[in-house]
Amino acid sequence: MPYLLIIGAKSDIAKAIANKYAENGYDLYLAARNSKELETFAQDIRVKTDKKVECLELDILDFASHQDFYNNLNEKPEGVASAVGYLGDQTESQKEFNEAQTIINTNYTGVVSLLNVIASNFEARKSGFIIGISSVAGERGRQSNYTYGSAKAALSAYLSGLRNRLTASNVAVITVKPGFVDTQMTEDMDLPKALTATPQQVADDVYNAQVNGKNIIYTRWFWKWIMLIIKTIPEWKFKQLKL
Amino acid sequence: MSINSWGNYPKINNNSIKFNTIDDLKNQLKNHSEIIACGNNRSYGDSALSNNIIQVKPFNKFLDFDQKAGVLHIQAGVLLADIIKYFVPRGWFLKIVPGTKFITIGGAIASDVHGKNHHIDGCFSESTLEFSLMLPDGQIKLCSPSKNQDLFRATCGGMGLTGVILDAKISLRKINSKFISQTTIKTENLEDTFAAFEKYNSEKYNFAWIDCFARGKNLGRSIMTIGDFADDGQLDYIPSQKINIPFFLPNFTINKFTAGMFNKLYYYQTKQQISHQKLDLDAYFFPLDGIDNLNRVWGKSGFLQYQCILPKETAFVGLTELIECISRTKLGSHLSVLKKHGKANENYLSFPLEGYSLALDFKMNNGLFKHLDHLDQILQKYGGRIYLTKDARVSKQVFERGYPNIEKFRELRKKYKMSQKFNSLQSHRLGL
């Protein structure tokens with residue numbers, strides 16, 4: 001059976017994606033820091049689906065290790081899903097560059113470093129798919145989370161370029177832009193229920209998008225229209241809003 | 001936000017407690033009293049309602065599966081629906097399922113649920129090899145029919161009053177189809193219905209929809225179904241899609257006229273005396289799961305389910321009297337279920353005993369409690385008892401008469417200091 005490699009596998013969206021793909025016949029590589037903590041989760045999928053699930057140690061910030069990490073995979077995956085995400089503390093990131101750097105390197109630089117390695121492999125063998133979880137926060141900078149937002153904006157642009165490059169090699173790149181999702185990342189926020197997706201809904205959307213050859217998706221679907229409105233607000237007005 | 005039971009009656013304010021790890025749960029137990037574990041809130045009455053409610057449902061990992069022995073090890077929050085979803089395609093099914101698959105393993109053990117095959121396979125505890133239980137002081141005990149037997153006997157059917165069930169090993173049965181071959185038998189009256197249960201007693205699954213509005217010579221007429229898994233190798237099971245009831249229907253939706261009409265229609269839509277069908281396992285075992293939030297059809301004031309069982313010796317006269325009483329008052333329900341049961345097990349508070357059980361839904365209204373008290377009297381007269389999982393109102397006296405092992409249960413609760421920690425509205429009401 002083909003493997004899916006999931007990076008940032010501890011996130012709730014990653015876990016939902018893992019379940020979804022295992023249920024649809026994929027074996028899994030789950031990569032994260034302190035990957036031992038994923039063992040119970042991995043065993044859960046093994047028992048439920050009878051698929052192979054391996055937990056792999058990966059530090060997305062240790063750029064130099066990425067080539068070795070990928071080389072060490074015995075069987076190369078058919079696809080990869082990056083669910084790496086670090087919201088960080090916006091105020092802190094304005095005062096302490098360290099925090100800003102961690103946000104940028106986790107959400108953007110680290111993902112670029114690893115996906116560069118994987119993309120070359122997929123390009124050479126002329127098959128595969130790359131799913132990148134970006135965010136609607138990357139569509140327009142807002143004072144409440146623009147460090148995170150700018151890193152996700154960069155990621156979206158990177159994925160777009162990657163798609164442009166890899167299409168000729170029959171490799172699909174799917175940019176996923178979730179709106180509000182009920183996860184550990186947002187557990188302290190008071191999110192409007194009607195606009196908030198479950199990780200399972202996101203995973204369903206991601207899987208359907210990949211199977212149906214979509215390029216960019218918003219999840220839930222209505223975020224496309226919400227973001228359209230937000231992007232349409234003229235900058236002279238937007239800058240005055242408390243967002 | 002407060003948690004309600006499936007019947008939406010009674011309603012109380014409560015504090016919901018979540019835990020991620022075993023240590024977490026230990027601390028929560030230390031810091032709270034008046035606490036009860038809850039699974040998926042599908043018990044009908046007040047058995048999982050308390051000031052502090054431990055949410056076990058998120059504790060839902062699959063731990064291991066022994067392919068050879070067919071033994072599945074899961075955490076207590078796993079839903080039967082999940083086991084069915086993942087294991088039917090691999091040719092396995094739960095040995096015991098009740099009328100809904102949306103209950104947790106912990107709930108199935110605590111209610112010691114039974115299904116349409118009770119007369120052959122017994123209760124859920126008969127398919128439970130062992131489970132671990134957290135006691136009031138945070139100690140964890142492994143319980144099985146041979147290890148910590150007293151805790152096993154008290155916890156199966158013990159309505160969560162002995163501690164928090166953490167994980168369990170259950171045994172699955174091999175199947176070779178997602179379909180059930182079913183035979184439907186139409187009966188004319190109660191005598192006929194009883195004869196059919198006797199005749200088809202060796203069939204794996206059997207039960208009957210009984211028309212509780214029919215009187216006189218038609219009293220006890222039923223649509224009985226018997227069946228078992230087909231053997232066609234078709235295992236490509238996908239859980240069936242659900243229809244949702246998005247809001248509470250107005251309180252007048254269900255009344256004695258609609259209920260009576262419904263029973264007649266249901267009876268007469270089955271034309272032949274005996275007919276055969278093949279249907280999806282969801283449609284067979286869990287027909288009411290097909291509608292999400294079905295409990296909302298009874299309106300905001302909620303509903304009660306009344307499920308009682310009578311020993312085989314008195315079942316016929318007892319049921320005749322019960323049904324007469326129900327049809328006279330016209331409070332009766334849309335679909336009432338009759339089932340013949342096998343021998344009782346040794347658990348202190350498990351519901352089934354050798355005889356016949358009757359399950360009825362009643363919409364909450366003013367005269368209802370008095371009416372049900374009347375049914376209780378009939379029940380008592382014939383040595384029957386009620387099902388705690390569905391109960392929100394039975395009197396202590398009626399309850400105690402039906403459960404001769406209650407003192408053993410109470411002593412055990414005292415011995416392990418459970419009664420100072422684990423309590424529900426139901427345990428207070430009945431002095432469990």
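How much area do chain B and chain A bury between them? In this predicted model, the two chains bury about 870 Å² between them, and 56% of that area sits on carbon and sulfur atoms. On the chain B side, B:Lys61, B:Phe62 and B:Tyr86 lose the most area to chain A, together making up 56% of what that side buries. As for who takes part, chain B brings 11 residues to the contact and chain A brings 10 residues.

Let's look at what links the two sides. There is 1 salt bridge across the interface of chain B and chain A. To find it, go to B:Lys85, which pairs with A:Glu23; their closest N and O atoms are 3.6 Å apart. That pair counts as a salt bridge because the cut-off is 4 Å between a side-chain nitrogen of Lys or Arg and a carboxyl oxygen of Asp or Glu. You can also look for polar contacts, which join 5 residue pairs between chain B and chain A.

Now, where on chain B does this side come from? Strand 4 (62-66) and helix 2 (80-87) of chain B each supply at least two of the residues that touch chain A. The largest share, 4 residues, comes from strand 4 of chain B. Sorted by class, the side of chain B that touches chain A holds 6 nonpolar, 1 polar and 4 charged residues.

Next come the cysteines. A disulfide is a covalent bond between the sulfur atoms of two cysteines. Over all chains, the count here comes to 0 disulfides. Take B:Cys156: the nearest cysteine sulfur belongs to B:Cys143 and is 8.4 Å away, and B:Cys156 is in no disulfide. Is B:Cys156 buried or exposed? With a relative accessibility of 1%, B:Cys156 counts as buried. A:Cys55, on the other hand, has 22% relative accessibility, so that cysteine counts as partly exposed.

Finally, pay a visit to A:Ser135. You'll find A:Ser135 in the loop between strand 5 (129-133) and helix 6 (146-166) of chain A. Its relative accessible area is just 8%, so A:Ser135 is buried. Which residues does A:Ser135 touch, leaving aside those up to four places away in sequence? They are A:Tyr148, A:Lys152, A:Val176, A:Lys177 and A:Pro178. There is a polar contact to spot as well: the side chain of A:Ser135 reaches the backbone nitrogen of A:Ala137 at 2.9 Å.

Definitions and conventions. Residues numbered from 1 in each chain as written. Chains lettered and ligands numbered in written order. Predicted model: local features only at pLDDT ≥ 70, side-chain atom pairs only at ≥ 80, totals over all residues. Heavy atoms only, no water. Contact = heavy atoms within 4.5 Å. Buried area = accessible area lost by both parts, 1.4 Å probe. Polar contact = N/O pair within 3.5 Å; in protein donor to acceptor, adjacent residues only side chain to side chain. Nonpolar A, V, L, I, M, F, W, Y, C, P; charged D, E, K, R; others polar. Disulfide = S-S within 2.5 Å. Buried < 20%, exposed > 50% of the residue type's maximum accessible area, 1.4 Å probe, protein only.
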